[in-house]
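Work through the exercises below with the sequence and the model at hand. Each task is followed by its solution.

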Amino acid sequence: MTTLSNFKFSDNIILEDDLVLLRPLQESDVDNLIEISTNEPETWKYSLVGADGKENLIKYIQSAVKNREDKREFPFIVFDKKTQKYAGSTRFYDMQLDYKTLQLGYTWYGSAFRGTGLNKHCKYLLLQFAFETLGMERVEFRADNNNERSIAAMKSIGCKVEGVLRSHMPTGNSDLRRDSIVLSILKNEWFNEVKENLKQKL
């Protein structure tokens with residue numbers, strides 16, 4: 001089993017259960033995600049970095065792969081086993097491994113995969129890896145404070161709201177700045193309640 005002491009960003013980490021498989025995102029995955037990227041630009045309405053359209057998708061993936069090489073992020077592509085199709089992407093980022101904390105985000109799925117339970121399966125696998133394999137003490141989540149769907153999804157898996165960072169980030173396609181809501185799960189919360197509650201929803 002991987003532990004923090006021997007975790008390497010170059011590892012080919014695969015997380016899977018009966019419904020979903022997550023593997024490291026790679027540059028050739030442009031072909032696997034181009035359909036969502038081209039046909040569903042609204043997917044990135046609240047994102048700081050969009051992957052809508054082939055050019056943006058290529059940049060998005062190249063940036064994610066480089067950040068993994070720079071040992072700052074670990075991006076995954078999400079494969080839905082039920083439909084045998086690629087569903088979207090997610091990643092660990094702002095990985096402060098010495099301090100046992102990281103953020104989980106940059107999560108998006110094509111419209112056909114939303115509301116199917118896929119996200120809960122992904123989050124279970126990612127949180128289990130973060131807390132039980134990497135030994136994290138805290139996993140943080142952030143979202144545009146206007147993104148009600150994303151916030152509801154985070155609360156439903158057991159995240160606790162910590163507060164709102166006002167005028168925190170620029171929005172993708174305008175001069176407006178967004179307020180970012182901050183949520184988190186702590187290690188003791190994962191083992192005491194969140195893990196079992198989330199498991200019941202799978």
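**Exercise 1.** Find how many aromatic pairs this predicted model holds, and classify the pair of Y60 and W108.

Solution. The count comes to 11 aromatic pairs. For Y60 and W108, the ring centres lie 6.2 Å apart and the planes are at 75 degrees. Planes over 60 degrees apart count as edge-to-face, so the pair of Y60 and W108 is edge-to-face. Y60 belongs to helix α2 and W108 to strand β5, and 48 residues separate the two. Y60 is buried at a relative accessible area of 4%, and W108 is also buried, at 4%.

**Exercise 2.** Classify the pair of F76 and F92 and place both residues.

Solution. The centres of the two rings are 5.9 Å apart and the planes stand at 80 degrees, so F76 and F92 are edge-to-face. F76 sits in strand β3 and F92 in strand β4, so the pair ties together parts 16 residues apart in sequence. The relative accessible area is 0% for F76, which is buried, and 1% for F92, which is buried too. Both residues are members of one aromatic cluster with F7, F9, F74 and F129.

**Exercise 3.** Describe how helices α3 and α5 pack.

Solution. Helix α3 covers residues 118-133 and helix α5 residues 187-201; the angle between them is about 155 degrees and their axes are 11 Å apart. Angles over 145 degrees count as roughly antiparallel, and α3 and α5 are therefore roughly antiparallel. Their crossing is left-handed. Among the contact residues are Y124, L127 and F131 of α3 and W190, F191 and L198 of α5. The contact residues divide into six nonpolar, one polar and seven charged.

Notes
Residues are numbered from 1 along each chain as its sequence is written. This is a predicted model: local features need pLDDT of at least 70, side-chain atom pairs count only at pLDDT 80 or more; totals for chains, interfaces and linings use all residues. Side-chain values use heavy atoms; hydrogens and water are left out. Axes are lines fitted to C-alpha atoms, for helices over the stretch in contact, and angles run from 0 to 180 degrees between N-to-C directions. Helices (H or I, at least four residues) and strands (E, at least two) are DSSP runs, numbered from the N terminus. Angles under 35 degrees count as roughly parallel, over 145 as roughly antiparallel, 65 to 115 as roughly perpendicular and the rest as oblique. A crossing is left-handed if the near helix is turned anticlockwise from the far one by less than a right angle, and right-handed if clockwise. Contact means heavy atoms within 4.5 Å. Ala, Val, Leu, Ile, Met, Phe, Trp, Tyr, Cys and Pro count as nonpolar, Asp, Glu, Lys and Arg as charged, and the others, Gly among them, as polar. Rings of Phe, Tyr and Trp (its six-membered ring) pair if their centres lie within 6.5 Å; planes under 30 degrees apart count as stacked, over 60 as edge-to-face and the rest as tilted. Buried means under 20% relative accessible area, exposed over 50%, partly exposed in between (1.4 Å probe, protein chains only).
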